[in-house]
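Let's take a walk through this protein together, starting with the overall picture and ending with some details of the backbone.

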Amino acid sequence: TKQVIPFVNISLMGISKGVSSNEKGEFSFYRLTENDSKLVFSSIGFENDTIGLADIKDRNDLLVEMNPKTYLLNQVTITDKPLEAKDIIRKAGEKKSENYYQLPMNQEFFFSSTHFRNDSITHNEESSVLIYGEQGYKSTNNVSSHFYGNILQYRNATKKPTLDKWEGVGSMWLVLTHDVILDKANVLNRTNSYDLEILRIVEYNSHLAYEISFVCKSPNATTVGFGYPSPKAASGKIFIDVNSYAVLKYEVCVNRGRYENTKRNLITDPFRHHLIQTYKSYKGKYFLNTSISYNYYHYEDTKKDVNWTYGHLAILNSTEVEIDNVKPIERPIRSLAVGELVKEDLEFWSSHNFMILNKEVPNFNCDR
């Protein structure tokens with residue numbers, strides 16, 4: 001179709017090293033060795049594409065075209081008795097501990113945090129972070145308490161670092177807290193609070209997956225995962241493997257209520273969030289692959305008669321998984337940016353994967 005395919009997973013065959021394309025379909029993969037054999041490109045709704053490294057030797061650029069592949073529900077017979085959407089969602093929730101790694105593990109991520117005001121970038125931080133999950137991807141009511149991390153490398157494209165747990169590289173824990181597998185306040189665990197519909201069946205990694213839409217009937221902190229101001233609406237899609245019932249992709253749009261700070265003469269409305277998460281399989285278990293979180297606000301200062309839009313884009317992309325030689329880390333993920341940050345090492349970025357960032361102000365897709 002010649003259309004851009006965003007957030008495609010690119011990995012070395014049989015190895016956990018990988019990266020994702022950005023929303024424009026652009027990607028970068030650090031230098032490859034002669035022992036590596038093939039690059040695998042996978043994305044929900046497309047046939048896999050595999051390219052031998054010998055075929056692209058000495059090339060610095062590559063254009064990859066993928067073939068869309070989806071099915072109508074009546075084109076595929078999964079079981080003798082078709083399941084309803086609620087049954088599929090519940091099975092996916094019940095099988096989280098079976099599908100997702102539940103033991104101590106390390107995972108290396110590329111994490112970026114970009115802040116926008118009106119049409120300008122006000123802050124941008126990028127980092128490579130090694131995390132330690134003492135219970136793997138086990139659901140919990142306090143996600144961040146089970147993760148620890150160290151910043152391996154850091155770079156800042158704008159002003160001085162934000163040594164804070166709410167912004168910049170220190171806010172990585174906030175992204176993890178809304179992971180649909182780890183968190184309990186979402187459609188997987190509050191199924192009765194949602195209207196569900198199976199839309200179609202799509203292909204992913206040579207498997208079939210249900211594409212299910214959902215709309216929250218009673219949005220609140222326990223059903224959607226966002227507190228004050230309370231959410232007014234939440235809707236999205238979830239993609240679930242037809243055989244294993246593993247969640248492969250989750251996308252949700254959340255619209256929160258009007259917020260007023262009378263002491264600061266400040267009104268925030270609208271107050272919205274767009275989350276996209278994908279998962280990948282390694283050695284028979286699933287891990288978080290990419291999490292994109294875009295928070296969009298409109299501020300109005302009633303005293304000064306000034307208003308502006310504000311956006312925060314956080315991107316978390318897995319670049320490597322380690323489950324055999326796990327190294328414990330003692331720093332809680334909430335304290336990631338406490339103390340002096342690692343100085344930039346240009347050689348590091350030439351030997352580690354990172355997502356190419358789009359420096360333009362993103363469109364808030366939930367407005368469509």
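What follows moves from the whole fold to its cores and then to a few backbone positions.

Keep in mind that this is a predicted model. The protein contains five helices and 16 strands. Its radius of gyration is 21 Å, close to the 21 Å that the globule rule gives for 368 residues, so the protein is as compact as a globular protein of that length. If you turn the C-alpha trace along its principal axes, it spans about 60 × 55 × 45 Å. Among contacts with a separation of 6 or more, 65% are between residues 24 or more positions apart.

Now look at how the chain is divided between inside and outside. Of the 368 residues, 51% are buried. The accessible surface comes to about 18100 Å², and carbon and sulfur atoms account for 46% of that area. As for charge, there are 43 positive and 45 negative side chains, with the centres of the two sets 5 Å apart.

Where should you look for the interior packing? The largest nonpolar core has 66 residues, and the members that touch the most others are Y137, M172, I212, I238, I240 and V247. I240 is a good place to zoom in: leaving aside residues up to four places away in sequence, it touches I88, I89, A92, L208, A209, Y210, I212, Y245, A246 and V247. There is also a second, separate core of 14 residues, with Y294, L313, W349 and F354 among them.

Next, the backbone. Most residues other than glycine have a negative phi, and most peptide bonds are trans. Four places in this model are worth a visit with that in mind.

Begin with the cis peptide bonds. One runs from Y228 to P229, with omega near -10°, and P229 sits in the loop between α4 (221-224) and β11 (231-241). Another cis bond joins D269 and P270, where omega is about 5°; P270 belongs to strand β14, residues 266-282.

Then come two non-glycine residues with positive phi. F7 has a phi near 55° and lies in the segment before β1 (9-12). K283 also has a phi near 55°, and its place is the loop between β14 and β15 (285-301). Are these residues buried or exposed? F7 has 17% relative accessibility, under the 20% cut-off, so F7 counts as buried. K283, at 53%, is over the 50% cut-off and therefore counts as exposed.

Conventions
Residues are numbered from 1 along each chain as its sequence is written. This is a predicted model: local features need pLDDT of at least 70, side-chain atom pairs count only at pLDDT 80 or more; totals for chains, interfaces and linings use all residues. Side-chain values use heavy atoms; hydrogens and water are left out. A nonpolar core is a set of buried Ala, Val, Leu, Ile, Met, Phe, Trp, Tyr and Cys residues joined through side-chain atoms within 4.5 Å. Buried means under 20% relative accessible area, exposed over 50%, partly exposed in between (1.4 Å probe, protein chains only). Contact means heavy atoms within 4.5 Å. Helices (H or I, at least four residues) and strands (E, at least two) are DSSP runs, numbered from the N terminus. The radius of gyration is taken over C-alpha atoms; the globule rule is 2.2 Å times the number of residues to the power 0.38. Accessible areas come from the Shrake-Rupley method with a 1.4 Å probe; for residues, only the protein chains shown count as cover. Lys and Arg count as positive and Asp and Glu as negative; His and the chain ends are not counted. The place of a charge is taken as NZ of Lys, CZ of Arg, CG of Asp or CD of Glu.
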